[in-house]
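Subject: Structure handover

Hi,

Here is the structure for you to look through. Please open it next to this email and follow along.

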Amino acid sequence: MSPEEKLDPLPDNFILQPPVFYPVIPYVTTIFGGLHTGKMVMLQGVVPQNALRFQVDFQCGCSVQPRPDIAIHFNPRFHTTKPHVICNTLHGGRWQAEARWPGLALQRGASFLILFLFGNEAVKVSVNGHHFLHYPYRLPLSRVDTLGIFGDILVKAVGFLNINPFMEGGREYPVGHPFLLKNPRLEVPCSRALPRGLWPGQVIIVRGLVLQESKDFTLSLRDRSAYVPVTLRASFTDRTLAWISPWGRKKLILAPFLFYPQRFFEVLLLCHEGGLKLALNGQGLGATSLDQRALERLRELRISGSIQLYCVQY
């Protein structure tokens, strides 16, 4: 691969960034690719027992002077007789009219999982899996490129996610999985047992980073006899992504090659009746056929290749 190819830009919705574990507060970070419709930010942590207030700001830049515009200011307050959340927008150094939500779904001393889902016209916020509020945009979402977290809060993890590409119907929020906090980097090759096999509706999630000197990436599913009916392989030398049959035959996946050196990736495999659906970096890329009995017999997930591995969930 030539230097020019390495510098080719990727569309924003293909750019992922790794989760951040136990950041020091106040914490400010760039949002890779900025915000766009369909992107999500997940915040996992604990409200201290003596907390007064904290805020999560989605900012238009990160300067100190002048203060950047804040498109979305999410501000839980615990010190009043009736705890509540304030949302607002800072534009040109001036706060606009506050929007207030009573019945705060956060409690002092309790852990939480907050999900910000960015739609076409408003951000929707869920707390511990339940819808809490939606706040219409007052500044263009495309201007937001920075996340700031301040105040009385212990943050265990911050994640930047895409909507589940397999979702159908009108569910308001995609399923949110807690982060793996104790081991942010896993050894490669990696093997994980599947005690119950696979069943319809189950999702396998693999997140990692492609190394600078990369050759390939392989994800395989095996049964108890070590037979390998499912293999997904990305070849960095010829830039192909393919399903490999048990007999070594290659079935190319006709899609742009989205593995780049020193870029993060997310592979999703959704089990359904008749096989597995594949998505890479939030984009559905087709499926492979496998009958239900074969899916139920699968007992091991193996991952290998020129990657750093950060997350395996199933």
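How many of the eight residues of strand E15 (residues 203-210) are buried? Keep in mind that this is a predicted model. The answer is eight of eight, and the strand is mostly covered.

Now look at what E15 pairs with. One partner is strand E20 (residues 264-272). The two strands run antiparallel, and seven bridges join them. Find Arg207 in E15, and you will see Glu266 of E20 standing opposite.

Another partner is strand E24 (residues 307-313). This pairing is antiparallel too, and it extends over six bridges. Here Val206 stands opposite Val312 of E24.

Next, the salt bridges. Side chains of opposite charge can pair when their charged atoms come close. How many salt bridges does the count give? It comes to four. Three of them are described below, one by one.

Start with Arg143 and Asp69. They form a salt bridge, and their closest N and O atoms are 3.1 Å apart. Arg143 sits in the loop between strand E11 (130-136) and strand E12 (146-151), while Asp69 belongs to strand E5 (residues 69-77), so the pair ties together parts that are 74 residues apart in sequence.

Is Asp69 buried or exposed? Asp69 is buried, because its relative accessible area is 11% and the cut-off for buried is under 20%. Arg143 has a relative accessible area of 35%, so this residue counts as partly exposed.

Stay with E5 for the next pair. Arg77 forms a salt bridge with Glu98, with the closest N and O atoms 3.9 Å apart. This pair also links distant parts of the chain. Arg77 is in strand E5. Glu98 is in the loop between strand E7 (94-95) and strand E8 (99-101). The two residues are 21 residues apart.

Check their surroundings as well. Arg77 has 16% relative accessibility, so it counts as buried. Glu98 is partly exposed, with a relative accessible area of 47%.

Glu98 has another salt bridge to show you. Its partner there is Arg100, and the closest N and O atoms are 4.0 Å apart. Which residues do the shared partners join into one network? They are Arg77, Glu98 and Arg100.

To begin, select Glu98 and trace its bridges to Arg77 and to Arg100. Then go back to E15 and find E20 and E24.

Best wishes

Technical notes:
Residues are numbered from 1 along each chain as its sequence is written. This is a predicted model: local features need pLDDT of at least 70, side-chain atom pairs count only at pLDDT 80 or more; totals for chains, interfaces and linings use all residues. Side-chain values use heavy atoms; hydrogens and water are left out. A salt bridge is a side-chain nitrogen of Lys or Arg within 4 Å of a carboxyl oxygen of Asp or Glu. Helices (H or I, at least four residues) and strands (E, at least two) are DSSP runs, numbered from the N terminus. Buried means under 20% relative accessible area, exposed over 50%, partly exposed in between (1.4 Å probe, protein chains only). Two strands pair if DSSP finds at least two bridges between them.
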